[in-house]
Structures are given as C-alpha cells and as structure tokens.
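Visitor: Hi! Please walk me through this one, starting with the words I'll need.

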Amino acid sequence: MFIDVVRPETWEELNDKVKSSLGLEPRLRARSFHGLAQAVFEVSQGTAQFMSHKKSIGVILGQTSVFESLLPYYYKETYEVNALSHLQLDDVKEWVEGLKKDTNFVLFSEDHPVTGELYPFVEELDKLLNEKRIFSFRVSHSRHFHETTEIRPYTVRLCSFTSQVAVAILGERYRSPFLLAQNMSWETEGFLRELSAAREGREVNTLLVEKLEQELAHVAKPYFKVGASRLYDRAVCVFDDVSAEALANLIFKKLGLSSQEGWQKIESTNMCHWSVVKMFRHWWEPTPTLEQLRGLFIVGPELLNTKDFAKLVISSYEELKEQQSWTV
C-alpha cells in the first residue's frame with residue numbers, strides 16, 4: 001500500500017552526508033537539489049519570498065542559461081532588475097556601487113557551461129557584494145571540480161555535478177527557507193553515488209590541452225586566444241568546414257567506442273537532436289554563429305591522454321572533407 005507522505009528529515013540527513021562527502025568547513029551548510037535549475041530557482045525564489053521587503057536584484061547575463069527563466073517573475077512583480085552583460089562589466093566596483101540599497105541578491109556564473117571560460121571579475125564581485133551585505137549567488141558549472149574558493153558569509157555557491165545532482169554551499173548569513181526540496185522524494189545512497197562518480201576522473205592538464213589545440217591548428221581554429229582565462233580540463237577548437245558531430249562519430253568508430261561512450265569523452269554543440277538556436281544562441285554572449293556551433297569540438301581529459309589522438313582527428317577530418325567533395 002502506498003502512503004503518500006514524504007519524510008522531510010530525509011533531505012536534511014542527505015544534506016549532512018553531502019557536506020561530509022565534500023569535506024566542507026563546519027561553519028558551512030549544504031543543500032541538495034535535483035539539478036542546477038532547481039538549485040538556482042529554490043535559492044533565489046526562497047530568498048525573494050523571505051526578504052520580500054528588498055525589491056531589487058542584479059544579474060550578470062551572457063554566461064549561463066539557468067537565469068533566463070527566472071527573470072520574468074521579477075519583472076512581473078515589479079522588481080528593479082539591474083541586468084548587465086558580462087561583456088560590459090568593465091568596472092566591477094562602480095557597478096556594485098550603483099546597485100540600489102534594497103538589492104536582495106546578485107546572480108552570476110563563475111564559468112561557461114560549454115567552453116569552460118572563466119570570468120575574471122568573479123572574486124572581486126563576490127567580495128564587494130559581501131561587504132555591502134548583498135547575497136552573492138554564484139554558479140559553478142565545472143570550476144568547483146578543480147578549484148576551491150572562499151565561501152563568504154553572504155555567498156551561496158551553486159555547484160552542478162550532473163544533470164540530476166546539484167549542491168548549494170551556503171555561507172553563514174544565508175538563512176532563507178527551502179521551498180519544495182524538503183517535501184520531495186530523495187534516494188540518499190543513489191544521490192551520494194552519483195555525486196561521488198561525478199567527481200572521479202576530473203583532470204586539469206594545461207600542457208596536454210595546449211598541445212592538442214596546437215597540433216590541430218592547421219585544420220581547426222583554437223576557440224581561445226593565448227592567455228585566455230579558462231579551465232584546462234578540455235580542449236576546445238572550431239572546424240570551419242565540417243560538422244563536429246560527423247567528425248566525432250567517425251572518431252568513435254575508429255576507436256571502437258559506442259556513441260554513448262564516445263559522447264562522454266567528446267562534446268559538441270552540433271548535435272542533430274538539439275536546436276542550437278534554443279539551447280545556446282539566446283543566452284550566450286558574444287552570440288556564437290551557427291557555423292561556430294556546427295564546428296565546435298570539445299575533447300575531455302581521457303582522450304587527451306590517448307596516443308596519437310591528434311593524428312586520428314586530422315585523418316578523420318581529411319576523410320570527411322573527401323566525402324564532402326565531388327567533381328562533375
């Protein structure tokens with residue numbers, strides 16, 4: 001017989017185990033969520049409701065897709081929304097000084113979910129917001145796998161581990177109540193296994209990343225300029241004249257990998273079952289062209305360690321080019 005009541009303590013117990021698993025300081029707390037979108041929604045909406053007298057928020061745009069669905073609510077409820085593209089954030093201190101006194105929180109991302117670009121203003125922005133006692137809600141798509149950061153009293157770091165596992169690490173001054181999470185069903189052991197598995201095999205290797213990008217430079221453009229601020233956990237380049245999806249599938253075949261295995265080691269924004277306009281172009285700044293999205297080729301750490309991988313990519317590229325060419 002099904003008793004349709006959820007035990008609320010399950011979520012609280014899970015949070016304690018997640019905190020222990022991540023080795024967080026005693027002063028910090030953790031909250032678990034079914035994915036990053038839920039984490040961002042619950043943390044921001046819970047704070048907006050709890051501190052309803054503060055009717056202003058800030059948001060840095062062009063970094064991540066997870067903020068887009070939140071903003072209509074704040075506009076509808078007549079919040080003062082100070083929205084700024086990260087491309088325009090030249091003077092962080094000046095922008096923070098310009099925030100209204102009743103600013104509740106500011107949303108921004110530490111890194112780009114696709115390319116691994118790191119945003120250089122993040123620590124200064126977090127510090128200045130804390131000094132003004134404005135909540136700093138900072139999203140980490142991948143940076144938390146490789147870099148720890150100070151969690152200040154007014155900071156909440158929203159960390160994505162898988163599509164179904166996200167953790168909010170809370171500073172001491174964050175006390176907003178939960179919305180739905182405590183009353184949802186949680187399978188504690190499964191969540192912890194997925195959290196642990198997501199952290200395995202993560203590797204930063206600047207030399208290997210730069211080596212592959214240089215070796216491919218005569219057939220594909222490196223996405224980043226030399227000296228760019230980025231995570232070196234992936235090589236990123238763009239093929240101008242072939243589909244990155246077709247190239248990847250040919251590489252999988254040569255390596256004896258199934259598509260499922262292969263797409264865990266290589267990624268691209270050019271997937272036939274994705275709408276790149278809906279998934280990427282509406283939030284990503286500067287907006288990538290359709291040609292860039294078609295040719296974006298991202299290689300993870302496992303294949304970076306594969307012997308002669310660059311030669312394999314180049315030979316596969318040449319095969320595709322030949323298949324695309326014909327004479328009349």
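Guide: Helices (H or I, at least four residues) and strands (E, at least two) are DSSP runs, numbered from the N terminus. This is a predicted model, where local features need pLDDT of at least 70, side-chain atom pairs count only at pLDDT 80 or more, and totals for chains, interfaces and linings use all residues. Residues are numbered from 1 along each chain as its sequence is written, and side-chain values use heavy atoms, leaving out hydrogens and water.

Visitor: Cool. In what order do the four strands of the open sheet come?

Guide: The order is β8-β9-β11-β10, with antiparallel pairing; two strands pair if DSSP finds at least two bridges between them.

Visitor: Which ones stand at the edges?
Guide: β8 (221–222) and β10 (266–267) do; each has a single partner strand, so one side of each is left without a neighbour in the sheet.

Visitor: And how many bridges join β9 to β11?
Guide: Four, linking residues 235–238 of β9 with residues 296–299 of β11. Cys-237, for instance, has Phe-297 in β11 as its bridge partner.

Visitor: Which helix lies across β10 and β11?
Guide: That's α9 (residues 244–255), running at about 35° to β11. Axes are lines fitted to C-alpha atoms, for helices over the stretch in contact (heavy atoms within 4.5 Å), and angles run from 0 to 180 degrees between N-to-C directions.

Visitor: New topic: where does Asn-270 lie?
Guide: Asn-270 sits in the loop between β10 and α11 (276–281).

Visitor: Buried or exposed?
Guide: Asn-270 is buried, because its relative accessible area is 15%; buried means under 20%, exposed over 50%, partly exposed in between (1.4 Å probe, protein chains only). Leaving aside neighbours within four places in sequence, Asn-270 is in contact with Ser-243, Ala-244, Glu-245, Leu-293 and Arg-294.

Visitor: What about Val-5, buried or exposed?
Guide: Val-5 is exposed, at 66% relative accessibility, and belongs to the segment before α1 (9–22).
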